[in-house]
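Biologist: Could you walk me through this model? I would like to go from single residues to the whole chain, and I will interrupt as we go.

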Amino acid sequence: MEKLDACIRNHDKEIEKMCNFHHQGFVDAITELLKVRTDAEKLKVQVTDTNRRFQDAGKEVIVQTEDIIRCRIQQRNITTVVEKLQLCLPVLEMYSKLKEQMSAKRYYSALKTMEQLENVFFPRVSQYRFCQLMIENLPKLREDIKEISMSDLKDFLESIRKHSDKIGETAMKQAQQQKIFNVALQKQNNVKFGKNVYINDRIPEERNEVELKRGFEEEDENEEEVLTVQDLVDFSPVYRCLHIYSVLGDEETFENYYRKQRKKQARLVLQPQSNMHETVDGYRRYFTQIVGFFVVEDHILHVTQGLVTRAYTDELWNMALSKIIAVLRAHSSYCTDPDLVLELKNLIVIFADTLQGYGFPVNRLFDLLFEIRDQYNETLLKKWAGVFRDIFEEDNYSPIPIVNEEEYKVVISKFPFQDPDLEKQSFPKKFPMSQSVPHIYIQVKEFIYASLKFSESLHRSSTEIDDMLRKSTNLLLTRTLSSCLLNLIRKPHIGLTELVQIIINTTHLEQACKYLEDFITNITNISQETVHTTRLYGLSTFKDARHAAEGEIYTKLNQKIDEFVQLADYDWTMSEPDGRASGYLMDLINFLRSIFQVFTHLPGKVAQTACMSACQHLSTSLMQMLLDSELKQISMGAVQQFNLDVIQCELFASSEPVPGLQGDTLQLAFIDLRQLLDLFMVWDWSTYLADYGQPASKYLRVNPNTALTLLEKMKDTSKKNNIFAQFRKNDRDKQKLIETVVKQLRSLVNGMSQHT
C-alpha cells in the first residue's frame, strides 16, 4: 500500500506538470475561440441564407431528376420484360404449334413438339406459373393422343376386316394371272426348245385356264391398273399409332394390343358360315377373307419393324391352317356335286398359290387336296352310277342296226370296234353289241376327263397323275360299273334275251379296256411299259358281270322251265296213254329250241352250260313230279304217258340244240329218268334186285328209295282199280309180285340206312 500510495503521488505530480505546461495554450485557445464566435455567427447566417436560396433554386431540378430516375427505372423494367418475353415467346410459339398440331391430328409431330418443350424450352421458363400449367397439361395431351390414335387403330382394324375379302380377291386374281402367264411362258419355252408337248383340245387344264382368263378379263374391263394392298387400304393409322406409342415409350403395349385384336379377327375370319358348303360363292368368300387377312399381315411385317414378326405370322398361319383344314374337311364332306368339289379344289389351289407367293407354307393344303380328291372321285362315282343306270334303262338290248356307211362311221367313232367280217358285209348290217356299249365307253372317257380336271395344278408329276387316273378308272370299272351291271342283271324285268345281250356287251367292253389304257397314256404321256404303271381291271370286272349274267340265265331258264312244268296236267290214273307227248312239254321244247338259237351269239361254253343246266333241271323237275308226296297213286298208263314225254326230252337232247356238245352228253341228263321208267315199263325187278350195287348194272342210276316210292303209288292204284283183283288169278299174281318187290325194296332201303 505504501508503494501504491507513492506511485499515485508520482502520477499526480506528473499530471500537475502536464497541466501546468499546457495551461497557457488552453487559455490562448479559449481567447481565440471567443474571438471567432462572432465571425461564426455571421457565417452561419450567410450559410443559412445561401442554403435557402440554393434550395429554392434546386426544387425544379429535383423534380426533373426524379422524372429522369423514374424513366430510367421504367426503361430498365421494359428491357427486363423484353428479355423475359423473348425467352418466353418461343415456348408460347411451340405450345401454340402443339395446339395446332393437335387440331390438325398431327399427333406424331405433336409428340415431338412436346419433347422439345420439355427438354429445351420449359427449363428456361420453369419459374413462371404459366409454364407449370403447361407442364401439368402435357401428360393429359399425351393420353388424349394415345386414345385418339388407338381409336384410329380400331377404325383401321374394322376397315380391314370389312375390306379383307376385296384384298383377298385382288391378291388371288393377281396370283392366278401370274400363274396363267407362267404356264403360257413355259409352253412357249417348250416349243422354242423343241420339247414334245402333248396337246389335246379337250384337256381340261387348258380349257380351265382359258375360262379363268376370260373371267378375269371380264372382271377387269373397268380396271386400267393393277391394284395393290396399299391402294385398297390406308395403313397410315397403323404407322401413326406405332410411331406415337414408340415415342411414348409404350410400344410393347401397342404391339400386344394389335396382335391380340388381329388374333380375334383371325378367329372371326376362320369361322365359316353354316351353309358355306352349299355354293362355291361361300367357299370363295371364306378364302378371300383369309387371304386378305394374311396379305395385310405380310404387308405390316415388311413395312414395320417389330410390330409383327415372322415367328408371330408363322404361329398365326399354323393356327389358321389347322382351322382351315378342319373346316374344309368338315364342309367338303357335305358336297355331293362333283362340279362343286372341283370348283372347291380350284379355289384351294389358287388360295394356296396366293399365300405361297407371300411366303406361307401350304404343303398341308395340298395334302388335304388328296383327301378331297378321294371324295371327288366318290362323288364322280355316284354321278356316273346314275349315268350308267340311265344308259341301261334306255338301252333296247338288241344289236345296233346300221343301214349306210355314215351310220357305221358314227358308231366306229364312238367305240373302237374292229371286225373284218362285219366290214365286208353289205348294208344293212348289225353290230353285235347294243347301244349301251358305245355310250358306256364314251362315259368312261368322260369320267377320265373329269378325274383329270382334279389332278391338274396339284404340283404332281405326270407319273403320279397317270397313276391317279388309272386308280380312279379302276374304281369306276370294278365298283360303279360292276355294281350297275349286277343290279341290272338281277332286275326282274330283264329276260333271257336281254341277259344274252348283256354278256355280249360285256365281252366288247372288256376288249375296249386296252383302248382306254391307250387313251390315258396319250393324256399323261406315260408309257404303259413303265414299271409301276397300274393296269385297268376291266377283265375281272366284266368277267364277274358275265358270270353273274350267266348264272342269272341259268336261273331264269330254270324258272321258265318250272313255269311250263307247272302247266302239266297228267291224269295219273289213266289206263292207257294218249299216244303222243303232252302239250306243255312240246311247248317247253319249242321254247328251249328258240332260246338256244339266241344263245348262238354267246361264247360256246356258256350256251353249252345253259343247255346242260336246262336239261338237268327239266329232268329233276320231272323226277320230282313223279315223287311228289301229294301224288298218292300212279297207273301204268300214266307211267307210259310220262315215258312218252321223257322220250321227247331225249330226242331234243340228241338233236344237238347247242353246237359243241359231244355225243350223248345231254342225254345223260335224263339217264336217271330213263332207267327208272325202263324198270317200270319192262317190269324187270329181278334183274334190278340181282344186279343192285354192281358197276355194270342195267339200272345203276335207279335209287331203291325212289323205286320204292313210285312202286307204292302204283300198288295203291292197283288195289283201287282192281276191285275184283282177288277173283282174277293174273291180277292176284301181279299184286303179290308188287308186294314181294316192295318188301325186298324196303329191306334194301333199311339195309342202306343201317349201313349209313
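Biologist: Where is Trp683 found?

Modeller: This is a predicted model, and in it Trp683 sits in the loop between H22 and helix H23, the latter covering 685-691.

Biologist: What is the sign of phi at Trp683?

Modeller: Phi of Trp683 is positive, about 60 degrees, although the residue is not a glycine. As background, most residues other than glycine have a negative phi.

Biologist: And which sign does phi have at Glu656?

Modeller: Glu656 also carries a positive phi, of about 50 degrees, and it is not a glycine either. Its place is in the loop that runs between helix H21 (636-654) and helix H22 (671-682).

Biologist: Why does Glu656 count as partly exposed, rather than buried or exposed?

Modeller: Its relative accessibility is 46%, and the class follows because buried means under 20% and exposed means over 50%, with partly exposed in between.

Biologist: Switching to the backbone, what kind of peptide bond joins Phe427 and Pro428, cis or trans?

Modeller: The bond joining Phe427 and Pro428 is cis, with omega at about -5 degrees, and Pro428 is located in the loop between helix H13 (420-424) and strand S2 (429-431). For comparison, most peptide bonds are trans.

Biologist: Now the helix packing; how do the axes of H16 and H17 cross?

Modeller: The axes of helix H16 (residues 496-511) and helix H17 (residues 513-524) come within 4 Å and cross at roughly 35 degrees. On the H16 side the contact is made by Leu509, Glu510 and Gln511, and on the H17 side by Cys513, Lys514 and Tyr515.

Biologist: How do those contact residues divide by type?

Modeller: They divide into 3 nonpolar, 1 polar and 2 charged residues.

Biologist: Let me go inside; is Thr480 buried or exposed?

Modeller: Thr480, which lies in helix H15 (residues 462-490), is buried, since its relative accessible area is 6% and the class requires a value under 20%. Leaving aside neighbours within four places in sequence, Thr480 is in contact with Leu381, Trp384, Ala385, Phe388 and Leu475.

Biologist: And what does Ile589 touch?

Modeller: Not counting residues up to four places away in sequence, Ile589 touches Gln648, Cys649 and Phe652. Ile589 belongs to helix H19 (residues 583-598) and counts as buried at 4% relative accessibility. Ile589 and Leu651 are 62 residues apart in sequence, while their C-alpha atoms are 10.0 Å apart in space.

Biologist: Back to the surface, which residues form the nonpolar patch with Val27?

Modeller: Val27 is joined by Phe26, Ile30, Leu33 and Leu34 in a nonpolar surface patch, and together the five have about 480 Å² of accessible area. Val27 itself lies in helix H1 (residues 2-103) and, at 33% relative accessibility, counts as partly exposed.

Biologist: Finally, the whole chain: how many helices and strands does it have?

Modeller: The protein chain has 25 helices and 2 strands, and buried residues make up 42% of its 756 residues. Among contacts between residues at least 6 apart in sequence, 80% join residues at least 24 apart.

Biologist: What share of the exposed area do carbon and sulfur atoms supply?

Modeller: Carbon and sulfur atoms supply 52% of the area, with the protein chain exposing about 42,500 Å².

Definitions and conventions: Residues numbered from 1 in each chain as written. Predicted model: local features only at pLDDT ≥ 70, side-chain atom pairs only at ≥ 80, totals over all residues. Heavy atoms only, no water. Axes fitted to C-alpha atoms, helices over the stretch in contact; angles between N-to-C directions. Contact = heavy atoms within 4.5 Å. Nonpolar A, V, L, I, M, F, W, Y, C, P; charged D, E, K, R; others polar. Patch = residues over 30% accessible without salt bridge, like charges linked within 9 Å, V, L, I, M, F, W, Y side chains within 5 Å. Areas by Shrake-Rupley, 256 points an atom, 1.4 Å probe, with all protein chains shown as cover. Salt bridge = Lys/Arg side-chain N within 4 Å of Asp/Glu carboxyl O. Buried < 20%, exposed > 50% of the residue type's maximum accessible area, 1.4 Å probe, protein only.
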